[in-house]
Amino acid sequence: MTDRETSPTRLTLIQRPRRNRKSDWSRRLVRENTLDVSDLIWPVFLTEGDGRRDPVGSMPGVFRLSIDLAVQSIVEAAALGVPAVALFPNTDPTLRDETASVALDPENLVCRACRAIKAAAPEIGVITDVALDPYTSHGHDGILRGDEIVNDETVAVLAQQAVTQARAGSDIIAPSDMMDGRVGAIRAALDAAGFQNVQIMSYAAKYASAFYGPFRDAIGTNKTLRGDKRAYQMDPANTDEALREVALDLEQGADMVMVKPGMPYLDIIHRVAETFHAPTFAYQVSGEYAMIMAAARNGWLDEERAMMESLLAFKRAGAAGVLTYFAPRAAALLRE
Ligand SMILES: NCc1[nH]cc(CCC(=O)O)c1CC(=O)O
Ligand SMILES: [Mg+2]
């Protein structure tokens with residue numbers, strides 16, 4: 001007998017989980033979840049003008065693009081296999097008013113971008129955001145009366161906004177406003193206007209989160225927002241409420257649901273996916289992107305590894321896909 005076989009430090013183990021991890025081929029063989037290009041939705045910020053690429057200070061590597069440059073980048077993303085983009089406009093401040101009138105203008109930034117993208121890259125899905133915050137002078141997602149965001153009046157405007165976007169060629173309407181009853185109203189308005197095939201991806205469980213800060217820089221609502229959104233977005237302390245919100249949106253006709261933010265809310269994504277078995281998406285929001293980028297720029301995190309690990313985590317939690325500002329970079333890496 002050799003020393004090794006008789007060594008007192010040698011354990012008699014039937015199960016040695018490390019055996020499956022001993023080599024790359026074996027790790028790949030037993031892998032439970034994978035991230036694919038088809039899981040990625042790219043949120044794109046839009047600005048007026050031509051040839052404009054304005055950096056968003058709090059989101060290194062993210063730009064507000066004029067329509068011409070947005071179209072170019074989206075054509076590239078489509079070529080990489082990214083299935084869809086989500087559009088967010090930085091509206092000219094002089095066009096913002098109390099009632100968000102520009103939201104219903106078929107010539108607004110989002111509608112023009114939608115038409116241009118559909119013409120240049122018909123193979124990529126276009127998701128448009130339904131909510132009033134990029135268009136209101138007070139930065140809220142709905143109509144403000146006194147100090148209240150009035151629900152039912154807002155829903156009527158959102159339904160018209162959805163139809164305006166569908167007419168511009170939007171494939172998926174994504175209400176992010178958190179008003180009650182908006183999914184049902186939007187579905188009815190779309191159907192009445194002949195848009196039975198336009199999908200709805202509802203921001204069903206959207207929390208009142210500090211992680212939206214950089215996004216509000218990007219669309220120019222950080223300075224104008226009066227107060228906060230806690231009277232319509234969810235309390236970060238709640239789980240059961242998220243399940244009730246998702247149930248309501250599915251009953252009202254949502255084709256897909258979303259949980260937002262992403263990483264701090266993986267438990268919610270998991271519960272929603274397990275409970276409803278409906279396509280469930282996660283939004284890795286601006287603040288999550290900013291955190292990873294800030295640490296990486298300080299040399300404290302490996303940027304690429306942190307990016308890919310964070311995205312895979314959404315798949316493990318049960319998400320069908322992820323809205324992420326990393327989408328083009330992650331897609332390029334996955335194609336290598
Ligand atoms: N309707 C607003 C909206 N749509 C998407 C985001 C946040 C996305 C992000 O932070 O990346 C927000 C911010 C908010 O509710 O204030
Ligand atoms: Mg709701």
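## Starting with a strand pair

In which sense do strand 9 (residues 199–206) and strand 10 pair, and over how many bridges? They run parallel, and 5 bridges link them. Keep in mind as you look around that this is a predicted model.

Strand 10 has a partner in strand 11 too: the two run parallel and are joined by 3 bridges. V259 is a handy residue to look for here. It stands opposite A205, and it also stands opposite A282 in strand 11.

How well is strand 10 covered? Mostly: 5 of its 5 residues are buried. That goes for both faces, with M256, M258 and K260 on one side and V257 and V259 on the other.

## The chain as a whole

Now step back and take in the overall fold. The protein chain has 12 helices and 12 strands. Its radius of gyration is 22 Å, close to the 20 Å that the globule rule gives for 336 residues, so the chain is as compact as a globular protein of that length. Along the principal axes, the C-alpha atoms fill a box of roughly 85 × 45 × 40 Å.

As for what's tucked away, 45% of the 336 residues count as buried. Contacts often reach across the sequence: of those with a separation of 6 or more, 74% are between residues 24 or more positions apart.

## The nonpolar core

The largest nonpolar core is made of 102 residues. Which residues have the most contacts inside it? They are V44, L46, V85 and I186. Helix 5 (residues 151–167) supplies the largest share of this core, with 7 residues.

L46 makes a good spot to zoom in on. Setting aside its neighbours within four places in sequence, L46 touches a mixed group that includes R64, L65, I67 and A70. Also among its contacts are L87, F88, P89 and N90, along with L109, V110 and A113.

## Around ligand 1

What surrounds ligand 1? Several aspartates are there, namely D129, D133, D141 and D177, together with the two serines S176 and S286. The rest of the list is A131, Y212, F215, R216, K229 and V285. Sorted by character, this shell has 4 nonpolar, 2 polar and 6 charged residues.

## Some backbone oddities

A few loops are worth a second look. In the loop between strand 10 (256–260) and helix 9 (266–276) you'll find P261. The peptide bond leading from K260 into P261 is cis, with omega near -5°.

Then there are A100 and H277, each with a positive phi in a residue other than glycine: near 60° for A100 and near 50° for H277. A100 sits in the loop between strand 4 (84–89) and helix 4 (109–120), while H277 is in the loop between helix 9 and strand 11 (280–284).

Buried or exposed: which word fits A100, and which fits H277? A100 is buried, because it has 26 other C-beta atoms within 10 Å. H277 has 9 other C-beta atoms within 10 Å, so it is exposed.

## One more residue to find

Finally, have a look at D191, which belongs to helix 6 (residues 182–192). With 13 other C-beta atoms within 10 Å, D191 is partly exposed. How far is D191 from S66? They are 125 residues apart along the chain, and 32 Å separates their C-alpha atoms.

Definitions and conventions:
Residues numbered from 1 in each chain as written. Chains lettered and ligands numbered in written order. Predicted model: local features only at pLDDT ≥ 70, side-chain atom pairs only at ≥ 80, totals over all residues. Helix = DSSP H or I, 4+ residues; strand = E, 2+ residues; numbered from the N terminus. Rg over C-alpha atoms; globule rule 2.2 N^0.38 Å. Buried ≥ 20, exposed ≤ 12 C-beta atoms within 10 Å, placed from the backbone. Contact = placed C-beta atoms within 7 Å. Near = placed C-beta within 6 Å. Nonpolar A, V, L, I, M, F, W, Y, C, P; charged D, E, K, R; others polar. Core = buried A, V, L, I, M, F, W, Y, C linked by C-beta atoms within 7 Å. Pairing = 2+ DSSP bridges.
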